[in-house]
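Student: I should like to understand how the terms used for a protein structure are justified. Could we go through them one at a time?

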Amino acid sequence: MPAPTIRYEFTQGYGGSAITSGGTIPDLSGNGNTGIVNNMNATSNWLGNFRGGMLDLNNTTNTSGKTIQCANITHQNDYSMHIGIQTGPSGAMVGYPCIIAGAYAFSTHDWWVGWNDTYGPMRYSRNGTGFLSASSYGYLSNTFYMVAITNDFTGGGAGSIFKIYRANGTDGAVVTSGAFAASTAGRVGICKYGGFNDNYQSAIRLGHFMFWNGSRLTATEHDDIARRYYLKYGFTALV
């Protein structure tokens, strides 16, 4: 399995993996891709004793501004992402869409994953088209999820993945069709649509975030990562 380009963790025991005094998040991939924290601090937003450590991006409106800007790397057409979250309370999702993570730099290439409205299904959008929804995974408040994405541009989309893991031990997968370029998608954001000004922020607690720039993870590799974290999020099993 390729090493991630970016890796943010909030679990106790990693040491220094919470928000630093300078408002940044260390990159544990070893690549120095530090994240920039907006409107959060380790005292108020890092829940060090909750599920071993999670970051509370408790946005109460669409413009609360509690976001993370990942390192400004040159986005590749092929990419993968794996993220673990807990959703906020009922009614915390405001606006359209409510983004968990995404990338956009005012160009023709973009992607985001999140919810289309308060109770709609979780979706994955690429290049402003091809909404891919997991209809059985609508917004449930205070629920743990892991989300896995692979964009297989090089392979023509045959290996693209949108997979959701939920705390009841079930998982859903959509192997997407087509190939979507992303080379100008720009900076990746968490609770933020990349470099876009209107952030469409969600309310989540973040347990881990990994991004592979230029790498296409397989479903088996995503499952292997999920097994490392499923106890953290209280999952009973992985299918």
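Tutor: The dialogue below sets values from this predicted model against the definitions of the terms.

Student: What makes the pair Tyr79 and Trp111 stacked?

Tutor: A search of the whole structure finds 16 aromatic pairs. In the pair of Tyr79 and Trp111, the ring centres are 5.1 Å apart and the planes differ by 20°. Centres must lie within 6.5 Å for a pair, and planes under 30 degrees apart count as stacked, so both conditions are met. The pair links distant parts of the chain, with Tyr79 in strand E7 and Trp111 in strand E9, 32 residues apart. Tyr79 and Trp111 are both buried.

Student: Why is the pair of Phe106 and Phe196 called tilted?

Tutor: The centres of these two rings are 5.5 Å apart and the planes stand at 40°. Stacked requires under 30 degrees and edge-to-face over 60, so 40° leaves the pair of Phe106 and Phe196 as tilted. Phe106 lies in the loop between strands E8 and E9, and Phe196 in the loop between strands E15 and E16, 90 residues apart.

Student: How do you know whether Phe196 is buried, exposed or partly exposed?

Tutor: Its relative accessible area is 23%. Buried means under 20% and exposed over 50%, so Phe196 is partly exposed.

Student: What makes the contact of Arg205 and Asp56 a salt bridge?

Tutor: Side chains of opposite charge can pair when their charged atoms come close. For Arg205 and Asp56, the N to O distance is 3.7 Å. The cut-off is 4 Å, so the pair qualifies as a salt bridge. Arg205 lies in strand E16 and Asp56 in strand E5, so parts that are 149 residues apart in sequence are tied together. Arg205, at 26% relative accessibility, is partly exposed, whereas Asp56, at 12%, is buried.

Student: How do you know that Arg205 lies over the face of Phe50?

Tutor: Arg205 is 4.7 Å from the ring centre of Phe50. The limit on that distance is 6 Å, so the distance condition is met. Phe50 also belongs to an aromatic cluster with Phe144, Tyr229, Tyr233 and Phe235.

Student: Why is Asp78 called buried or exposed, and which residue does Asp78 meet in a salt bridge?

Tutor: Asp78 has a relative accessibility of 9%, which is under 20%, so Asp78 counts as buried. The side chains of Asp78 and Arg216 meet in a salt bridge of 3.6 Å, N to O. Arg216 is partly exposed, with a relative accessible area of 40%.

Student: What makes the contact of Asp223 with Lys163 a salt bridge?

Tutor: The closest N and O atoms of Asp223 and Lys163 are 2.9 Å apart. That value is within 4 Å, so the contact is a salt bridge. Asp223 lies in helix H2 and Lys163 in strand E13, so the pair ties together parts 60 residues apart in sequence. Asp223 is buried, with a relative accessible area of 13%, and Lys163 also counts as buried, at 8% relative accessibility. Elsewhere, salt bridges that share partners join Asp78, Asp152 and Arg216 into one network.

Student: What makes the link between Gln69 and Arg187 a polar contact?

Tutor: Their side chains are joined at 3.4 Å. The cut-off for the N or O atoms is 3.5 Å, so the distance satisfies the definition. Gln69 itself lies in strand E6.

Key. Residues are numbered from 1 along each chain as its sequence is written. This is a predicted model: local features need pLDDT of at least 70, side-chain atom pairs count only at pLDDT 80 or more; totals for chains, interfaces and linings use all residues. Side-chain values use heavy atoms; hydrogens and water are left out. Helices (H or I, at least four residues) and strands (E, at least two) are DSSP runs, numbered from the N terminus. A polar contact is a pair of N or O atoms within 3.5 Å; within protein, one must be able to donate a hydrogen and the other to accept it, and residues adjacent in sequence count only if both atoms are side-chain atoms. Rings of Phe, Tyr and Trp (its six-membered ring) pair if their centres lie within 6.5 Å; planes under 30 degrees apart count as stacked, over 60 as edge-to-face and the rest as tilted. Buried means under 20% relative accessible area, exposed over 50%, partly exposed in between (1.4 Å probe, protein chains only). A charge sits over a ring if NZ of Lys or CZ of Arg is within 6 Å of the ring centre and within 35 degrees of the ring normal.
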